[in-house]
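Got your viewer open? Let's take a walk through this one together, one selection at a time.

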Amino acid sequence: MSDEAAVHELYHASELRPGDCIEPMPTDFMITVVPCTVPHAAEFATTYVVPDGPWPGAVALIQLGQEGCEPRMRYVPSRREEVDVVALPPAEEDWPRYRTAYCLAIALDGQKLVGRVIL
C-alpha cells in the first residue's frame, strides 16, 4: 500500500503486505495501517503457519510464532540491529482451522519505528 493509500486505514491481518506499517500495536486481527514515514508500533513482514496439533496454549503459541517468524524476516540491512520480531498468533477460538501467525518487526528499544525496516 502506498503512503497515500494507507493513511490510517483498517485492514484484516490477512490483507497485509510486507512493509505495511502498523499503529497502534494490534490486539486482534483488525490492523490500522499508517504511512511508514510517521512513528509506528510495528511493520508487517510475513506469515508463519504454526504446525497442526492440539491447542498449545497462548504462551507457547506466542513462542512458537516468534520462533517460526524469526528466520523468515527480511530486514533492511542498515536497520537490522534496531528491531526485534513479535508474532500476532492465531486465536484459540479459531484453532486448528486457522493457524497463521503474522510476523511483525518492532523497535528493539520499545520506541516507535520511523521509516521502513522490512525489505
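Here are the stops, with what to select at each.

Before you click, note that this is a predicted model, where local features need pLDDT of at least 70, side-chain atom pairs count only at pLDDT 80 or more, and totals for chains, interfaces and linings use all residues. Residues are numbered from 1 along each chain as its sequence is written, and side-chain values use heavy atoms, with hydrogens and water left out.

**Stop 1: helix 1**

Select residues 58-69, which make up helix 1 (helices are DSSP runs of H or I with at least four residues, strands are runs of E with at least two, and both are numbered from the N terminus). The expected span is 1.5 Å times one less than the number of residues, so these twelve residues should cover 16 Å, and the end C-alpha atoms are indeed 16 Å apart.

Now colour L61, G65, G68 and C69, which are buried (buried means under 20% relative accessible area, exposed over 50%, partly exposed in between, with a 1.4 Å probe and protein chains only). Look down the axis of helix 1: its buried residues fall within an arc of 95°, so they line one face. That arc is taken from the directions from the helix axis to the C-beta atoms. Show strand 4 (42-49), strand 5 (83-88) and strand 6 (100-107) too, as they are among what covers those buried residues (contact is heavy atoms within 4.5 Å).

**Stop 2: the disulfides**

How many disulfides are there? The count is two, a disulfide being a pair of cysteine sulfur atoms within 2.5 Å. Stay on C69 and add C103: their sulfurs are 2.0 Å apart. C69 sits in helix 1 and C103 in strand 6, so the pair ties together parts 34 residues apart in sequence. The S-S torsion is about -75°, so this disulfide is left-handed.

Next, pick C21 and C36, with sulfurs 1.8 Å apart. Their torsion is about 95°, so this one is right-handed. Both C21 and C36 are buried.

**Stop 3: salt bridges**

The structure holds four salt bridges (a side-chain nitrogen of Lys or Arg within 4 Å of a carboxyl oxygen of Asp or Glu). Try R116 and E43, whose closest N and O atoms are 3.1 Å apart. R116 lies in the segment after strand 6 and E43 in strand 4, so the pair ties together parts 73 residues apart in sequence. Buried or partly exposed: which is E43? E43 is buried, at 0%, whereas R116 is partly exposed at 40%.

Finish with K112 and E23, at 2.8 Å.
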